[in-house]
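Thanks for making time this morning. I would like to walk through one structure with you, so please have the sequence and the model open while I talk.

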Amino acid sequence: VFLALPIHEFAHAFVAVKLGDPTPRYQGRYTLNPLVHIDPIGALLIFVAGFGWAKPVQWNPNNITIDRRLGSILVSIAGPLSNLALAILSILLLRLMQGIDLAPNFQDMAFVFFLSFAQINVLLFVFNFLPVPPLDGSHVLFALLPENRQLYYTLSQFGTPVIFLIVFLVPQIIRVPTDWVMATLVQVFF
């Protein structure tokens, strides 16, 4: 929570600022400080229900210096891609640990930590790419579709209930691709 989510949100802010939008910087979101990115209720729910959220980074597509649709895609994918990068880093650290002689208890704890951290980040990667508002995948989808504000606002009204339905009633939609991505990363990087 205090590492994966802030890096995810900072990645959105970083790309928006690099594309010319100062909004995340003005709002104090251009930082890795977890306290700035953590939503208290979302963090509490992660610990209680295994499902939660961070504060989304706000940015203004009118301020960017490239095509707005491309900018929206780049800002949107930055967060999930940061989670994928964290998962890969964690798996590489697991691989590196194999060649180091550590105390057995420490090695076991480190193995569990890095494996869990990789799994959490792969889960965040997959989950955030779902094309359901307000998730990052929906921003990518709407940037690729012809502009239709009414459709976006209509679908946004139903986004949160759809997410809850997926998470609690049809978790395979998330679990199956998460398992596949995790297995692929382990095969490639471990």
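**The loop, the helices and the patch**

Let me begin with Pro134, which lies in the loop between α6 and α7, where helices are DSSP runs of H or I with at least four residues, strands are runs of E with at least two, and both are numbered from the N terminus. This is a predicted model, in which local features need pLDDT of at least 70 and side-chain atom pairs count only at pLDDT 80 or more, while totals for chains, interfaces and linings use all residues. Residues are numbered from 1 along each chain as its sequence is written, and side-chain values use heavy atoms, with hydrogens and water left out.

Staying with that loop, the peptide bond from Pro133 to Pro134 is cis, with omega near 5°. As background, most peptide bonds are trans.

On one side of the loop is helix α6, which covers residues 104–128 and contains Val126. Is Val126 buried or exposed? Val126 is buried, because its relative accessible area is 10%, and the cut-offs here are under 20% for buried, over 50% for exposed, and partly exposed in between, with a 1.4 Å probe and protein chains only. Between Val126 and Arg68, which are 58 residues apart along the chain, the C-alpha atoms are separated by 24 Å.

On the other side, helix α7 spans residues 136–144 and holds Gly137, which also counts as buried, at 5% relative accessibility. Gly137 and Ala4 are 133 residues apart in sequence, and their C-alpha atoms are 18 Å apart in space.

Now to the packing of helices, where axes are lines fitted to C-alpha atoms, for helices over the stretch in contact, and angles run from 0 to 180 degrees between N-to-C directions. Helix α5 and helix α6 pack at about 160° with their axes 8 Å apart, and these two helices are therefore roughly antiparallel to each other. To give the angle classes in full, under 35 degrees is roughly parallel, over 145 roughly antiparallel, 65 to 115 roughly perpendicular, and the rest oblique.

Helix α5, residues 68–98, also meets helix α9, residues 172–189, with axes that come within 10 Å and cross at roughly 45°. How do α5 and α9 lie to each other, then? They are oblique.

Within helix α5 we find Ile73, which is buried at a relative accessible area of 17%. Its C-alpha atom is separated by 27 Å from that of Val188, 115 residues apart along the chain.

Finally, please look at the surface, where a nonpolar patch of about 750 Å² is made by Ile41, Trp53, Phe164, Leu165, Phe168, Leu169, Val170 and Ile173. Patches are made of residues with over 30% relative accessible area and no salt bridge, joining like charges within 9 Å and nonpolar side chains (Val, Leu, Ile, Met, Phe, Trp, Tyr) within 5 Å; a salt bridge is a side-chain nitrogen of Lys or Arg within 4 Å of a carboxyl oxygen of Asp or Glu.

Which helix gives the most to the nonpolar patch? That is helix α8, residues 149–169, with four residues. Phe168 has its place in α8 and is partly exposed, because its relative accessible area is 46%. Ser156 is found in helix α8 too, and at 27% relative accessibility Ser156 counts as partly exposed. Ser156 and Leu92 are 64 residues apart in sequence and 38 Å apart in space, C-alpha to C-alpha.

Definitions and conventions: Areas by Shrake-Rupley, 256 points an atom, 1.4 Å probe, with all protein chains shown as cover.
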